[in-house]
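Here are my notes on the model you sent. They begin with one helix and then widen to the chain and its contacts.

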Amino acid sequence: MRKQLDRWLGPLAFVLVALDVWLGLWITPPDQVQGDYVRLVYVHPAVAWVALYVAFGMAGLCSVLYLWPRTRSLAFDYAAAAAVEVGVVFTILTCITGAIWGRPTWGVWWTWDARLTSTALLAVMFLGYLALRRVPAEPHVRARRCAVMALVAAVDVPIVHFSVNWWNTLHQGATVLNANLSPRIHGSMAWTLLLSFIAFTLLFVWMVIARYRLEVLRHSGENKDLDRALSERRAEGAEA
Amino acid sequence: MFRDAALVAGRDLRIELRSRVVLWQVLPFSVLALLLFAFAFGPSQARLVQSAPGLFWLALLFSTVLFAQRSRALEGSPATREAARLLGLDPAGVFLGKTVALFLELVVLEVLLVVGLLLLFHVVVVSWLVLIAACLLAALGLASASVLYGALSGEARIRSTLLPVLLLPILAPVLIAGVRSFQAAIKDGAGLSGRWLGVLAVFSVVYTGLGIALYGPLEEN
């Protein structure tokens, strides 16, 4: 089962992303108001969805599970670390794709809008999380510090989500999951948008699984190095 | 918990009074920051008054990082933490005590910075009540967040570079709400300041609560 997942998940994610690009660039029609600029909607919202909700949601959940004494396991710490690392990449991609859309539409690459500013802050906070992970410490001490950091940073996620409602922002409100639950996108455009969400979510899952395994290998490697160093010192002691 | 908090706050303040590190290093840095900001903006009176709220809070935030490092350094050695555990000090009490000590130090710094703005930048404060409320609420929020993040940031050799990266982004709400409240205080916009004072109050309550709940687990070996 695990080998099957390894074999198919990555290629499937890439095929779906390629299909999304093909549908987005060549099949779906241009928008009445935005023209061809609308084609970024098949990348930007899906990337933002993965970054804000899937990645940082998973990081928050894994951190809670680590901090909860009954479920405490380093596996949750590794999973949170993998989710944050991939999530930061997707957050930066969110900012870049947003800027590419913003330049022709708003006339600027960046504006001090509540949604943009809170997203940038979120990225910086999770970069801090990654910096904290690099601090040498006993695995459980590091896991505890990082879990607290992730939870504090995750508080920014609802602020990013509701920023378009709480403040007067340039950034538009939700197209699909809006307050009335009535999507403002239809036909081939809606299906392509849905496909983009599935494709980028699968890509995220594949990347997180790979990153999680790397983290597990790295820690088992560290333990093996430590065991070897200890046995070498003991052997030196026995010879003396 | 409160007895432990009083003990720890008294200890931290006594150490600062005797070592005078804050007096001779951190407070001069804050005044220096104000002077450098004034050099950068030029001698124009109108421009200095207009930028005073932002400069005040930036100087306060950068100084807070130094205060936080200093506060953590007092708790830094594993032996000190071990002694606190052996004495049976409640971790929540230790957190509150360190927060109270840092709060008082930050209030002294805020008084110094306000006097600096009055004398050097010729700022006229219209609503002292708004300014004092903003300064007290912000000092509590800054102190509690600094003590919590000081515990997060690990050993001394890494803390000096890591702590600003961790701490400054989460202090952004204090910066924004503090600047707005200060602007209201010097423009008699007392009515406009309520929402921003609310932000400062929520920030203080959230970080004090988080610190009480999480300081203990963070200090475990």
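**Notes on the first helix, the fold and the interface**

1. In α1(B), the residues that count as buried are D4(B), A5(B), V8(B), A9(B), D12(B) and E16(B). Viewed along the axis of α1(B), these buried residues lie within an arc of 130 degrees, so they line one face of the helix. An α-helix has 3.6 residues a turn, so residues three or four places apart point the same way. Please keep in mind that this is a predicted model.

2. The opposite side of this helix should be read together with the first point. On the face of α1(B) turned away from its buried side sit the exposed residues R3(B), R14(B), L17(B) and R18(B).

3. What do the buried residues of α1(B) pack against? Their partners are α2 (21–41), α3 (45–75) and α5 (91–120) of chain B.

4. On geometry, α1 of chain B covers residues 2–19, 18 residues in total. From first C-alpha to last, the helix reaches 25 Å, close to the 26 Å expected at 1.5 Å a residue. Just after α1(B) comes R20(B), which has a positive phi of about 60 degrees.

5. Turning to the whole chain, chain B contains nine helices and zero strands. Read from the N terminus, its elements run α-α-α-α-α-α-α-α-α. The radius of gyration of chain B is 18 Å, close to the 17 Å given by the globule rule for 221 residues, so chain B is as compact as a globular protein of that length.

6. The C-alpha trace of chain B spans about 55 × 35 × 30 Å along its principal axes. Of the 221 residues in chain B, 45% are buried. Among contacts in chain B with a separation of 6 or more, 85% are between residues 24 or more positions apart.

7. How many residues of each chain take part in the contact between chain A and chain B? On chain A there are 14, in contact with 13 residues of chain B. Two helices of chain A, α4 (114–133) and α5 (139–154), each supply at least two residues of the side that touches chain B. The largest share of that side, six residues, comes from α4(A).

8. The composition of the interface is given here for chain A. By class, the side of chain A that touches chain B has eleven nonpolar residues, one polar residue and two charged residues.

How values were computed: Residues numbered from 1 in each chain as written. Chains lettered and ligands numbered in written order. Predicted model: local features only at pLDDT ≥ 70, side-chain atom pairs only at ≥ 80, totals over all residues. Contact = placed C-beta atoms within 7 Å. Helix = DSSP H or I, 4+ residues; strand = E, 2+ residues; numbered from the N terminus. Nonpolar A, V, L, I, M, F, W, Y, C, P; charged D, E, K, R; others polar. Rg over C-alpha atoms; globule rule 2.2 N^0.38 Å. Buried ≥ 20, exposed ≤ 12 C-beta atoms within 10 Å, placed from the backbone. Expected span 1.5 Å × (residues − 1). Arc of directions from axis to C-beta.
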